[in-house]
Amino acid sequence: MNRLVTAERALRTAAPHQLLDAVRRVLTDQYAADSVELYLADYGLTVLQPVSVPPHTLQPVSVANSPAGRAFGAQEPYVETLSGDSADGVRAHLPVTVRGDRLGVLTVTLPGGEHADGCLGELAEIAEVLGHEVVVAERDTDLYLQARRRDRLTLAAEMQWQLLPGRSCARPEYELGAQLEPAYAIFGDNFDWSATADRLSLYVTNGMGEGIEASLLTNLAINALRNARRAGLPLADQAALADQAVYAHYRGRCYLSVLMLDIELATGRVRAVDAGSPRLLRLRRGAVERVPFDAQLPLGMFEETDYVAQEFGVEPGDRLVFVSDGVYDAASPGGEAYGNAALVRAIQSTRLLRAAEVPRAILRELSGHRGRPVPDDDALVVCLDWRGR
């Protein structure tokens with residue numbers, strides 16, 4: 001049995017809370033590793049949090065300016081040479097990613113450069129297997145969810161993060177990335193996506209209200225949309241059924257804005273329902289423009305609203321950026337709204353970044369406009385890079 005198979009078997013047979021122990025044993029025995037650490041990206045995507053048990057001896061690592069953060073951002077292994085007593089040793093930082101969803105970094109210290117060169121490919125594969133096992137293990141243990149927390153989540157934020165499909169994903173036809181702010185106190189904004197062999201469904205939502213009430217509204221609406229989608233209904237009917245579910249519960253007192261897209265993967269043909277405030281901007285051949293839609297009523301505002309899907313097309317190379325009103329309406333200290341012009345500049349300035357990195361970069365620019373770290377309202381950015389077939 002080769003050592004890569006040994007590592008895969010050890011991970012697949014380990015208890016959910018013992019994945020790090022299992023990978024440490026294998027990498028120590030089979031690859032002569034001196035140390036092995038697993039870091040998971042925190043909810044704010046600012047630091048990589050160590051996965052360990054008390055007493056905690058490791059400190060979080062910055063995503064922005066560290067070797068591990070470099071591997072996380074580039075999604076490529078990064079090897080640094082160690083100095084001092086272990087001058088001939090190296091430390092390999094390996095992305096832990098599942099189908100484009102960036103979970104964190106596996107850091108492995110090895111005795112020498114030539115040794116690392118010979119096994120770097122296998123170590124990268126083991127990091128990928130570890131990522132898949134972490135996702136599965138989260139059904140049975142809180143260890144990895146707890147490790148991602150730099151601070152305590154509010155209850156509303158806990159509910160919202162559990163509702164999300166992930167923060168990024170990738171397929172040959174597209175790449176997706178999304179981020180919420182404030183990450184530890186979000187309450188109403190949300191996103192959802194799902195793909196089949198032929199289609200990509202994407203929802204960007206902006207629920208009214210604050211705290212638990214906003215989170216409950218969003219949970220109801222998203223699950224109603226998923227229920228209709230999984231029943232095989234077309235986009236306009238999904239909106240209509242979710243509208244009925246929200247109205248039946250709130251009788252018009254609360255409602256939810258949503259921008260819904262259904263994309264044919266083979267052709268780039270898009271059907272869209274714009275029911276409220278989320279906006280869509282498109283970067284095509286260097287130019288940014290807002291994609292206009294006929295405004296329709298938010299979900300749950302009135303009884304038995306009919307919705308109509310509109311159509312447009314995406315071309316290979318297009319970048320679509322979705323934002324909630326917490327982005328374009330965010331006010332500066334002087335009361336000036338962020339607005340469409342600032343959004344266009346932010347999208348232009350991030351055009352060379354990967355889709356998964358764009359939302360966080362735009363939200364950083366938004367924070368500078370606000371002049372304070374904590375926003376008054378939820379802010380959501382979703383980025384879709386379209387490659388086509």
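A cavity, on a 1 Å grid over the protein atoms alone, is a set of points where a 1.4 Å probe fits but cannot get out. Grid points are joined across faces, edges and corners, and a volume is the space filled by probe spheres set on the points. This is a predicted model: local features need pLDDT of at least 70, side-chain atom pairs count only at pLDDT 80 or more, and totals for chains, interfaces and linings use all residues. Residues are numbered from 1 along each chain as its sequence is written, and side-chain values use heavy atoms, without hydrogens and water.

**Exercise 1. Describe the largest cavity and its lining.**

Step 1. Count: the structure holds 1 cavity of 30 Å³ or more.
Step 2. Size: the volume of the largest cavity is about 50 Å³.
Step 3. Lining (residues with an atom within 4 Å of a point): Leu45, Phe72, Asp101, Arg102, Arg167, Ser168, Ala178 and Ala356.
Step 4. Classes: 4 lining residues are nonpolar, 1 is polar and 3 are charged. Here Asp, Glu, Lys and Arg count as charged; Ala, Val, Leu, Ile, Met, Phe, Trp, Tyr, Cys and Pro count as nonpolar; the others, Gly among them, are polar.

**Exercise 2. Place strand β11 in its surroundings.**

Step 1. Strands are DSSP runs of E, at least two residues, numbered from the N terminus; helices are runs of H or I, at least four.
Step 2. Test burial (under 20% relative accessible area, 1.4 Å probe, protein chains only). In β11 (residues 256–264), 9 of the 9 residues are buried, so the strand is largely enclosed by the rest of the structure.
Step 3. Check both faces. Leu256, Val258, Met260, Asp262 and Glu264 are buried on one side, and Ser257, Leu259, Leu261 and Ile263 on the other.
Step 4. Find the partners; pairing takes at least two DSSP bridges. β10 (residues 199–207) joins β11 antiparallel through 9 bridges. β12 (residues 269–275) also runs antiparallel to β11, with 6 bridges.
Step 5. Follow Leu259. Val204 stands opposite Leu259, and Leu259 stands opposite Asp274 in β12.
Step 6. Inspect the β11–β12 hairpin. It has 4 residues between the strands, and Gly268 takes a positive phi near 80 degrees.

**Exercise 3. Map the nonpolar cores.**

Step 1. A core joins buried Ala, Val, Leu, Ile, Met, Phe, Trp, Tyr and Cys residues through side-chain atoms within 4.5 Å.
Step 2. The largest has 38 residues; Leu27, Leu38 and Leu106 touch the most other members.
Step 3. Of its contributors, α4 gives the most, with 9 residues.
Step 4. Another core, of 36 residues, lies apart; Leu261 and Ile263 are among its members.

How values were computed
On a 1 Å grid over the protein atoms alone, a cavity is a set of points where a 1.4 Å probe fits but cannot get out, and a pocket is an open set with protein on both sides within 12 Å along at least five of seven lines; lining residues have an atom within 4 Å of a point. Buried means under 20% relative accessible area, exposed over 50%, partly exposed in between (1.4 Å probe, protein chains only).
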